[in-house]
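Visitor: Could you walk me through the empty spaces in this one, and then a helix?
Guide: Sure, ask away.

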Amino acid sequence: MGRLDGKVALITGGARGMGKSHVRHFVAEGAQVVFGDVLDDRGSAVAAGLGPESCRYLHHDVTSEEDWAAAAELAVSAFGRLDVLVNNAGILQFATIADMALADFRRVLEVNAVGCWLGMKAVIDPMTKAGGGSIVNISSIEGFTGAEGLSAYSASKFAIRGMTKVAARELARFGIRVNSVHPGGVVTRMIVDSMGSRDAGQGEAFLRAMPLARFAEPVEISRLVAYLASDESSYSTGSEFVADGGLLSGPGY
């Protein structure tokens with residue numbers, strides 16, 4: 001513990017799933033955290049359990065520039081600085097290209113890709129004033145490969161992977177590092193719902209393709225995110241960090 005002592009972090013999508021795990025783990029590692037979501041009851045409950053000295057919650061739609069400005073401002077006003085951004089918020093829509101509505105495709109890109117881009121843009125000034133920082137963008141193994149029914153999700157996650165590399169080059173001059181994390185199957189409601197949308201054969205094939213043959217617990221991803229947020233990863237930027245139980249080491253699923 002103490003890996004993030006003195007750090008102030010902004011985390012999106014923190015009301016449930018991996019985001020909630022990131023919030024709790026960052027606080028346990030010594031960070032002060034501002035986090036947002038659109039699930040206000042759940043987000044407020046998470047913040048109440050951690051206390052105002054360590055954690056603040058606000059309603060945050062990641063597709064809104066105004067909400068991003070408010071989130072960055074809250075971090076600075078509440079805790080004095082901003083050192084870390086975790087672009088975690090995301091949605092998943094399972095449908096084939098033939099069956100997917102254009103509005104649904106655009107919505108996934110707006111939340112997952114545009115929301116990530118807006119977040120990086122929003123933190124440049126406060127991080128620069130703090131002397132630098134670390135941005136961790138949560139992508140997916142779908143940022144490396146595709147799966148049937150995930151055209152929008154995969155497009156958004158490939159986009160995050162590409163934006164991360166561009167941002168790493170642009171922001172290094174300000175002392176800001178930018179990396180992407182690519183989880184495989186994680187035990188969250190989003191993934192469970194997604195697997196339920198596929199037929200049984202696809203779910204079984206997914207597990208068979210993983211050498212570790214199990215889904216990750218959210219905290220296993222949070223530990224990697226915390227490492228990238230910390231000074232221990234000070235020479236890592238523009239890189240992809242995969243946590244997928246070995247899934248991408250083989251021919252796919």
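Visitor: How do the residues lining the largest cavity divide into nonpolar, polar and charged?
Guide: Keep in mind that this is a predicted model. The lining is made up of Thr12, Val62, Asn87, Ala89, Val111, Asn112, Gly115 and Cys116. Because Gly counts as polar and Cys as nonpolar, Gly115 joins Thr12, Asn87 and Asn112 on the polar side. The split is 4 nonpolar, 4 polar and no charged.

Visitor: Which element gives the largest share of that cavity's lining?
Guide: The cavity itself holds about 30 Å³ of space. Helix α4 covers residues 102-129, and Val111, Asn112, Gly115 and Cys116 are among the lining residues. With 4 residues, the largest share comes from α4.

Visitor: On to the second largest pocket: which element gives the largest share of its lining?
Guide: This pocket has a volume of about 160 Å³. Both α4 (102-129) and α5 (151-171) supply at least two lining residues. Met163, Val166, Ala167, Glu170 and Leu171 are part of the lining, and they sit within the 151-171 range of α5. So by the helix boundaries, the largest share, 5 residues, belongs to α5.

Visitor: And how many charged residues line the second largest pocket?
Guide: Lys121 and Glu170 are in the lining, and Lys and Glu count as charged. Another 7 are nonpolar and none is polar. That puts the charged count at 2.

Visitor: What residue with a positive phi follows α1?
Guide: α1 takes in residues 17-28 and reaches 17 Å, close to the expected 16 Å. Its buried residues include Met18, His22 and Phe26. After the helix, phi is near 105° at Gly30.

Methods
Residues numbered from 1 in each chain as written. Predicted model: local features only at pLDDT ≥ 70, side-chain atom pairs only at ≥ 80, totals over all residues. Heavy atoms only, no water. 1 Å grid on protein atoms, 1.4 Å probe; cavity = no way out; pocket = protein on both sides within 12 Å on 5 of 7 lines; lining within 4 Å. Points joined across faces, edges and corners; volume = space filled by probe spheres on them. Expected span 1.5 Å × (residues − 1). Buried < 20%, exposed > 50% of the residue type's maximum accessible area, 1.4 Å probe, protein only.
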